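Below are some notes on the structure, set out as numbered points. They begin with the charged pairs and end with the ligand.

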Amino acid sequence: MKERLFLSPPHMSGKERQYIDDVFKSNYIAPLGAFVDRFEECIKEYTDCKYAVATSSATAAIHLALRVLGIGAGDVVLASTFTFIGSIAPILYQNAVPVFIDSDESWNLDPLLLKKAIAKLRKKPKALIVTHLYGQSAKIDEIAAICKENDIYLIEDAAESLGASFGDKQTGTFGDIGIYSFNGNKILTTSGGGMLISDNEGWIKKASFYATQARENEIFYEHKEYGYNYRLSNILAALGVAQMEVLKERVRKKREIFSWYQKELEEIDEISFMPEIKNSYANRWLTTLILKKSDPYTLINALERENIESRPLWKPMHLQPLFKDAKSFLSGISEELFKKGLCLPSGTRMKEGDVKRVCDILKGELN
Ligand SMILES: *Cc1c(COP(=O)(O)O)cnc(C)c1O
């Protein structure tokens with residue numbers, strides 16, 4: 001059997017072991033510590049945001065974002081329907097009410113539907129969580145303007161889009177709060193981890209407070225509020241610092257992999273790739289495409305027989321049994337994408353020959 005090709009496996013830079021050794025030498029095998037600070041500095045520098053706090057996951061970071069923005073029971077939170085559950089579950093943790101907004105031709109959230117939802121809803125939404133899907137910026141300038149006009153907090157789920165930009169700004173820096181993920185399948189990984197960023201110092205201080213059990217600043221343990229155990233370990237932060245050193249290189253490689261797929265498959269007019277919207281620079285976390293007529297599951301099975309991992313696109317939230325009663329503003333686009341779409345192996349250690357191996361199977365099935 002040929003070596004398995006995964007969608008997006010971890011890819012170490014080589015420095016991780018050294019930095020972890022530094023952690024062991026310092027004996028600081030604990031949450032917090034020097035590497036946590038360094039990891040937060042790396043993110044601030046790369047994204048040009050003022051404040052950052054490292055967390056145990058991006059899901060935890062989104063939960064903290066909602067908490068510090070004062071979103072609680074019964075509050076309406078708008079969100080992309082075409083996303084991963086980690087983006088949405090924190091709304092439920094806060095007993096708030098998700099309302100889903102569909103995608104437009106960019107595959108990301110449709111600003112026109114967003115406007116319509118705000119106009120139609122009887123209760124004024126408090127926040128929007130917009131996802132930059134598959135490493136592609138949403139129409140974030142328009143979306144940010146709509147949120148500002150309507151006095152709605154904007155949280156950017158940039159879990160998949162670290163290193164991607166719109167105009168001259170990084171995704172994650174347009175809203176009130178942005179979040180990144182360092183889960184094992186993301187463009188960079190600490191095996192598990194997240195980051196919450198903002199230009200508002202108060203929010204980040206508050207997030208850090210809630211992430212460390214809402215412990216008051218006393219020598220004894222004093223609690224006026226409850227928090228969570230959401231901080232990142234110093235060992236994992238050491239991985240993060242090493243990974244941040246290769247972010248530019250990883251984005252370049254992901255884009256190169258996409259261009260190999262594009263070149264191999266361009267003559268097949270059944271296939272169209274996720275578009276890169278004007279004025280944006282994607283990290284192409286995963287190469288994703290849709291098929292005009294064919295069933296993606298035929299291709300997924302054919303690839304699996306050759307030990308190649310592939311998957312359908314995200315199943316929209318409004319189609320999840322969990323959210324059968326939720327309100328949604330729909331265009332039909334995310335349902336089409338779910339039915340017809342495919343994610344292809346996009347690991348940054350792939351060679352042009354690996355992409356050819358995938359494409360030969362696809363071409364065999366589609367001809
Ligand atoms: C991975 C992911 C998350 C959750 O990240 P974790 O760090 O695994 O909690 C949230 N939203 C999106 C869009 C993701 O892809």
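1. Arg311 counts as partly exposed, with a relative accessibility of 47%, and the side chain of Arg311 meets that of Glu309 in a salt bridge, at 3.3 Å from N to O. Glu309, by contrast, counts as buried, because its relative accessibility of 14% falls under the 20% that sets the limit for a buried residue. Please keep in mind while reading these values that the model is a predicted one.

2. The pair just described is part of a wider set, since the count of salt bridges in the model comes to 21. Where salt bridges share partners they can be read together, and in this way Arg67, Lys206 and Glu225 are joined into one network.

3. Helix α9, which spans residues 247-265, holds both Glu249 and Arg252, and these two residues stand three residues apart, about one turn of the helix. Their side chains form a salt bridge in which the closest N and O atoms are 3.3 Å apart. Glu249 has a relative accessibility of 36% and so counts as partly exposed, while Arg252, at 41%, also counts as partly exposed.

4. A further salt bridge links Glu276 with Arg255, and here the closest N and O atoms are 2.7 Å apart. Because Glu276 lies in the loop between β10 (271-273) and β11 (280-281), whereas Arg255 belongs to helix α9, this pair ties together parts that are 21 residues apart in sequence. Glu276 counts as partly exposed at 31% relative accessibility, and Arg255 is likewise partly exposed, with a relative accessible area of 23%.

5. On the surface, a nonpolar patch is formed by Phe84, Ile85, Leu92, Tyr93 and Leu322, which together have about 440 Å² of accessible area. Within this group, Ile85 is found in the loop between β2 (76-80) and α4 (89-93). The relative accessible area of Ile85 is 32%, so this residue is partly exposed, and that value is also over the 30% which a residue of such a patch must exceed.

6. Is Thr190 buried or exposed? Thr190 lies in the loop between β8 (177-181) and β9 (194-198), and with a relative accessibility of 0% it counts as buried. A polar atom of the Thr190 side chain lies 2.7 Å from the backbone oxygen of Gly192, a contact that should be kept in view when the loop is examined in the model.

7. Turning to the ligand, there are 15 residues around it, of which Thr59, Asp157, Glu160, Ser181 and Lys186 come nearest. The residues of this shell divide into three nonpolar, nine polar and three charged.

8. Several polar atoms of the protein can be paired with oxygen atoms of the ligand. A polar side-chain atom of Glu160 lies 2.5 Å from a ligand oxygen, and a polar side-chain atom of Ser181 lies 2.7 Å from an oxygen atom of the ligand. Ala58 contributes through its backbone, with an N or O atom placed 2.8 Å from an oxygen atom of the ligand. Taken on its own, the ligand has 390 Å² of accessible area, and the protein covers 93% of it.

Key. Residues are numbered from 1 along each chain as its sequence is written. This is a predicted model: local features need pLDDT of at least 70, side-chain atom pairs count only at pLDDT 80 or more; totals for chains, interfaces and linings use all residues. Side-chain values use heavy atoms; hydrogens and water are left out. A residue is near a molecule or strand if one of its heavy atoms lies within 4 Å of it. A polar contact is a pair of N or O atoms within 3.5 Å; within protein, one must be able to donate a hydrogen and the other to accept it, and residues adjacent in sequence count only if both atoms are side-chain atoms. Accessible areas come from the Shrake-Rupley method with a 1.4 Å probe; for residues, only the protein chains shown count as cover. Ala, Val, Leu, Ile, Met, Phe, Trp, Tyr, Cys and Pro count as nonpolar, Asp, Glu, Lys and Arg as charged, and the others, Gly among them, as polar. Patches are made of residues with over 30% relative accessible area and no salt bridge: like charges are joined within 9 Å, nonpolar side chains (Val, Leu, Ile, Met, Phe, Trp, Tyr) within 5 Å. A salt bridge is a side-chain nitrogen of Lys or Arg within 4 Å of a carboxyl oxygen of Asp or Glu. Helices (H or I, at least four residues) and strands (E, at least two) are DSSP runs, numbered from the N terminus. Buried means under 20% relative accessible area, exposed over 50%, partly exposed in between (1.4 Å probe, protein chains only).
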